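Me: I have a structure open and would like to learn how to read its features. Where should a beginner start?

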Amino acid sequence: MKAYKGFNQDMTCRGFQYQEGKEHEHKGKVEACESGFHACENPIDCLKYYEPGKSVYHEVELSGETDRDSADSKIAASHIRIGARLDIAGLCKATFEYVRSRCTNENNAEPGKPATAGECGAATAGKYGAATAGKYGAATAGNYGAATAGECGAATAGNYGAATAGNYGAATAGNRGAATSRGKSSTGTNGLSVARGNNVMVRGGLGAVLVVAEENSDNYDIKEWKAVVVDGERIKADTWYKLVDGQFTEVEQ
């Protein structure tokens, strides 16, 4: 199975030396959090164990005997193959793909169809559902769901969900969720908040990754961007930030 793993910068983990492209076999009992080779199905969960700036991340393949952790998507396996390295941008993209792949229309009002509303409308979908609303609309999806709203709209998704909003919109996702907007993006613990545009803002719970990309005022090219992790000290939890002169700056709300 495909998964993602964090390492120290020298490609070690718990004293074991790994190498890109190599395979390793564990002898003995496999138990999550105790023994075996560990990785996470949800890329964002890697940040709970290996902090950006001090770590490297790779795609991996797990096989053989496996055991899952009930707290998050961590899996222990008896066999691991180390794949390509991912930077923070690659880890963010992989997280969105992970969430999107788990969104279905199972609980929408009309079987097999997403919940959709036009301008100023409201669309709501249940767990795993997909909700889309037009300009000024509000889209809400449950856990693992995907919510998308247009300009000035509000998109909200539950835990593990993905929320996307357009220009001036607000995107909110729960714990381990991913929120992307061209306005304000907010997630819970271990989430991913991404905002791109002018004077955009992000916030997140402990362990969340915050990414801001400020564009030039006369075009859509990126002028500067920065990514940080909410550690509760340098970057506070549940606090809005924007990018000022290349640095994350707290915003009064």
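Reply: Begin with a term: helices are DSSP runs of at least four residues, numbered from the N terminus. The model is a predicted one. With that term in hand, take the second largest pocket: helix 1 provides the largest share of its lining, 4 residues.

Me: How many helices and strands are there in the protein chain?

Reply: The protein chain has 1 helix and 21 strands.

Me: Which other elements supply at least two residues of the lining of the second largest pocket?

Reply: Besides helix 1, they are strand 16, strand 18 and strand 19, which spans 222-229. The lining has 13 residues, and those closest to the pocket centre are Ala89, Cys92, Val194, Val211 and Ala213. The volume of this pocket is about 240 Å³. By class, its lining divides into 11 nonpolar residues, 1 polar and 1 charged.

Me: What is the volume of the largest pocket, and which residues lie nearest its centre?

Reply: Its volume is about 360 Å³. Its lining consists of 20 residues, with Lys5, Cys13, Arg14, Gly36 and His38 nearest the centre. Strand 1 and strand 5 are the elements that give two or more residues to this lining. Strand 5 gives the most, with 4 residues. The classes here are 10 nonpolar, 5 polar and 5 charged.

Me: How does a cavity fit in, and how many are there of 30 Å³ or more?

Reply: In a cavity the probe fits but cannot get out, whereas a pocket is open. The count is 1 cavity of 30 Å³ or more. The largest cavity has a volume of about 30 Å³. Its lining is made up of Ile44, Leu47, Ile88, Leu91, Cys92, Thr95, Leu192 and Val209. Helix 1 accounts for the largest share, 4 residues. Of the lining residues, 7 are nonpolar, 1 is polar and none is charged.

Me: Leu192 is in that list. What is Leu192 in contact with, beyond its neighbours within four places in sequence?

Reply: Its contacts there are Ile44, Cys92, Thr95, Phe96, Gly177, Ala178, Ala179, Thr187, Val209 and Val211. Leu192 also belongs to the largest nonpolar core, which has 32 residues. Within this core, Tyr18, Leu62 and Leu192 touch the most other members.

Me: Which elements give two or more residues to this core?

Reply: Strand 1 (2-8), strand 5 (37-40), strand 6 (55-68), strand 7 (74-86), helix 1 (88-101), strand 16 (192-197) and strand 18 (209-215) do. Strand 7 gives the most, with 5 residues. Apart from this core lies another, of 15 residues, including Ala123, Ala139, Ala149 and Ala163.

Me: What share of the protein chain counts as buried?

Reply: Of the 253 residues, 51% count as buried. For contacts, consider how far apart the partners are in sequence. Among the contacts in the protein chain with a separation of 6 or more, 37% are between residues 24 or more positions apart.

Me: I have seen several cysteines by now. How many disulfides does the structure hold?

Reply: First the general idea: a disulfide is a covalent bond between the sulfur atoms of two cysteines. This structure holds 0 disulfides. Cys33 is in no disulfide, and its nearest cysteine sulfur, that of Cys40, is 9.5 Å away. The cut-off for a disulfide is 2.5 Å between the sulfur atoms.

Me: Are Cys13 and Cys33 buried or exposed?

Reply: Cys13 counts as buried because its relative accessibility is 10%, and the cut-off for buried is under 20%. Cys33 is partly exposed, with a relative accessible area of 32%.

Me: What about backbone angles? Where is Asn190 found, and what is its phi?

Reply: Asn190 is not a glycine, yet its phi is positive, about 60°. It is found in the loop between strand 15 (178-186) and strand 16. Asn190 is buried, with a relative accessible area of 10%.

Me: And where does Asp245 lie, and is it buried or exposed?

Reply: Asp245 lies in the loop between strand 20 (241-244) and strand 21 (247-250). Asp245 counts as exposed, at 71% relative accessibility. Its phi is positive too, near 55°, and Asp245 is a residue other than glycine.

Conventions:
Residues are numbered from 1 along each chain as its sequence is written. This is a predicted model: local features need pLDDT of at least 70, side-chain atom pairs count only at pLDDT 80 or more; totals for chains, interfaces and linings use all residues. Side-chain values use heavy atoms; hydrogens and water are left out. A nonpolar core is a set of buried Ala, Val, Leu, Ile, Met, Phe, Trp, Tyr and Cys residues joined through side-chain atoms within 4.5 Å. Buried means under 20% relative accessible area, exposed over 50%, partly exposed in between (1.4 Å probe, protein chains only). Contact means heavy atoms within 4.5 Å. On a 1 Å grid over the protein atoms alone, a cavity is a set of points where a 1.4 Å probe fits but cannot get out, and a pocket is an open set with protein on both sides within 12 Å along at least five of seven lines; lining residues have an atom within 4 Å of a point. Grid points are joined across faces, edges and corners, and a volume is the space filled by probe spheres set on the points. Ala, Val, Leu, Ile, Met, Phe, Trp, Tyr, Cys and Pro count as nonpolar, Asp, Glu, Lys and Arg as charged, and the others, Gly among them, as polar.
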